Amino acid sequence: AAEIGVMYPDVEVVKARPTPASALGGATAELVATPAPLTITLPQVRLVTVEIRDVAENQLVTSIEILSPINKREPHLRKYRQKSERLRQAQVHLLEIDLLRRGARVWEFAGIPNKPYIIALTRAATSHVEIWPLGLVDVLPRLPIPLRAPDKDAVLDLQAAFTSVYDEAYYALSIDYSATPPPPDFAESDLSWIRNMVSSRTS
């Protein structure tokens, strides 16, 4: 006869023994949790960075910074500027995307146009910054994404990416476009454009 070895089941059902009532603080009393004397709302902070690295050497080549509201106010504004400077000193390409109207502008470069949205690209080992100033009605640009030589720049179609995220997240269902826009105030020409857009989508 063939030898029968020890067999172990793939699934086992175990019935736990009931915990004695005495271990729960009483024979019949139902335990009630002590309510916390203080409740604090945690800040909702999302800092978004996209990194492009050289896989062979695990070196950071390009950093894409998508600015959040916390980047544009102190004390985080100063910390963000220090981080940006460290990236430049480390010869890392730096693409910064600011699509927020509120808060202080993170750049201190002279000559930047007074536009609500700014995109800045600082290439490694250069002394200049490429700037895309944008208004509310402007189409978002196709941005060059520097890579390591001899590779050519990749291209990020920011408008297509923005539209894709908007559609997939169903923002059209969660945003009340009939409400008054949040501060800072829009120029009258922008408000007129907003009204026309809302009217065309609701009619």
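**Salt bridges, loops and backbone oddities**

Trainee: Which residues are linked in a network of salt bridges here?
Mentor: Asp54, Glu57 and Arg148 make up that network. A salt bridge here is a side-chain nitrogen of Lys or Arg within 4 Å of a carboxyl oxygen of Asp or Glu.

Trainee: What kind of model is this?
Mentor: A predicted one, where local features need pLDDT of at least 70 and side-chain atom pairs count only at pLDDT 80 or more, while totals for chains, interfaces and linings use all residues. Residues are numbered from 1 along each chain as its sequence is written, and side-chain values use heavy atoms, with hydrogens and water left out.

Trainee: Back to the network. How far apart are the N and O atoms between aspartate 54 and arginine 148?
Mentor: That salt bridge is 2.8 Å, N to O. It ties together distant parts of the chain, 94 residues apart: aspartate 54 sits in strand 1, arginine 148 in the loop between strand 6 and strand 7. Strands (E, at least two residues) and helices (H or I, at least four) are DSSP runs, numbered from the N terminus.

Trainee: Is aspartate 54 buried or exposed?
Mentor: Buried, because its relative accessibility is 17%; the cut-offs are under 20% for buried, over 50% for exposed, and partly exposed in between, using a 1.4 Å probe and protein chains only. Arginine 148, at 33%, is partly exposed.

Trainee: How many salt bridges in total?
Mentor: The structure has eleven. Among them is arginine 53 with glutamate 51, closest N and O atoms 3.1 Å apart. Arginine 53 is partly exposed at 39%, and glutamate 51 is partly exposed at 43%. Another one pairs glutamate 188 with arginine 195 at 3.3 Å. There, glutamate 188 is exposed at 52%, while arginine 195 is partly exposed at 47%.

Trainee: Overall fold, then. What pattern does the chain follow along the sequence?
Mentor: It reads β-β-α-β-β-β-β-β-α-α-α, which amounts to four helices and seven strands. The chain has 203 residues, and 23% of them count as buried.

Trainee: Where is lysine 72?
Mentor: In the loop between strand 2 (59-66) and helix 1 (76-89).

Trainee: Why does it count as buried?
Mentor: Because the relative accessible area of lysine 72 is 4%. Its C-alpha lies 9.0 Å from that of leucine 100, with the two positions 28 residues apart in sequence.

Trainee: Anything odd in the backbone? Which residue does a cis peptide bond join to glutamate 74?
Mentor: Proline 75, with omega about 5°. Proline 75 is in the loop between strand 2 and helix 1. The bond from alanine 149 to proline 150 is also cis, omega near 10°. Proline 150 belongs to the loop between strand 6 (142-145) and strand 7 (154-157).

Trainee: And phi? What value does asparagine 58 have?
Mentor: A positive one, about 50°, although asparagine 58 is not a glycine. It lies in the loop between strand 1 (48-54) and strand 2, and counts as exposed because its relative accessibility is 53%. Alanine 125 has a positive phi of about 60°, and it is not a glycine either.

Trainee: Where is alanine 125?
Mentor: In the loop between strand 4 (117-122) and strand 5 (129-134). Alanine 125 is exposed, at 65% relative accessible area.

Trainee: Last one. Which helix holds tyrosine 171?
Mentor: Helix 3, residues 171-174. Tyrosine 171 is partly exposed, since its relative accessibility is 37%.
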